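User: I am new to this structure and would like a close look at its aromatic rings. Could you walk me through how they are arranged?

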Amino acid sequence: MTLDTYGLPEEEYLAIFEKKAEFACRALGIVERIAFRYNIELEPKLFWDLYQEIDYATDDACRVKQKKEDPQAIEERSYTSTIYPTTSAVFTEVQELKNLVQQYKDELRKK
């Protein structure tokens, strides 16, 4: 859990957080109503877990927003120097390897 705004202005981050919290609290109201119906006591830890989920959902939304609107801001915040290949690049590499294996098999059959 973090309270990092992912490069967004604090007010914009808090607006996203509020939207996520509103949804989570509405969902919690439903859980609470059903728990009461079945006489289930909600543990206090549930509220901490809920806060963390709201925070994670906000962070995800901010990362998606920044990746779309300002990819450079996300790249600058990357904590890893590793560059991962795209799915397309991996697929191309696999195809090339399959072709090489097939060529090798064909050569072995000729001998």
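Analyst: Happy to help! Rings of Phe, Tyr and Trp (for Trp, its six-membered ring) count as a pair if their centres lie within 6.5 Å. Please keep in mind that this is a predicted model. By that rule, the structure holds 2 aromatic pairs.

Let's start with F17 and Y51, whose rings are 5.9 Å apart centre to centre, with 55 degrees between the planes, a tilted pair. F17 lies in helix 1 (residues 10–37) and Y51 in helix 2 (residues 45–69), so this pair ties together parts that are 34 residues apart in sequence. As for their surroundings, F17 is buried, with a relative accessible area of 17%, while Y51 is partly exposed at 27% relative accessibility.

Y51 also takes part in another pair, this time with W48. Here the centres are 5.7 Å apart and the planes are 25 degrees apart. The pair counts as stacked because planes under 30 degrees apart fall in that class. W48 and Y51 both sit in helix 2, 3 residues apart, so about one helical turn separates them. W48 is partly exposed, with a relative accessible area of 44%.

Putting the pieces together, F17, W48 and Y51 form one aromatic cluster. Within that cluster, Y51 is tilted against F17 and stacked with W48.

Terms used
Residues numbered from 1 in each chain as written. Predicted model: local features only at pLDDT ≥ 70, side-chain atom pairs only at ≥ 80, totals over all residues. Heavy atoms only, no water. Phe/Tyr/Trp six-rings, centres within 6.5 Å; stacked < 30°, edge-to-face > 60°. Helix = DSSP H or I, 4+ residues; strand = E, 2+ residues; numbered from the N terminus. Buried < 20%, exposed > 50% of the residue type's maximum accessible area, 1.4 Å probe, protein only.
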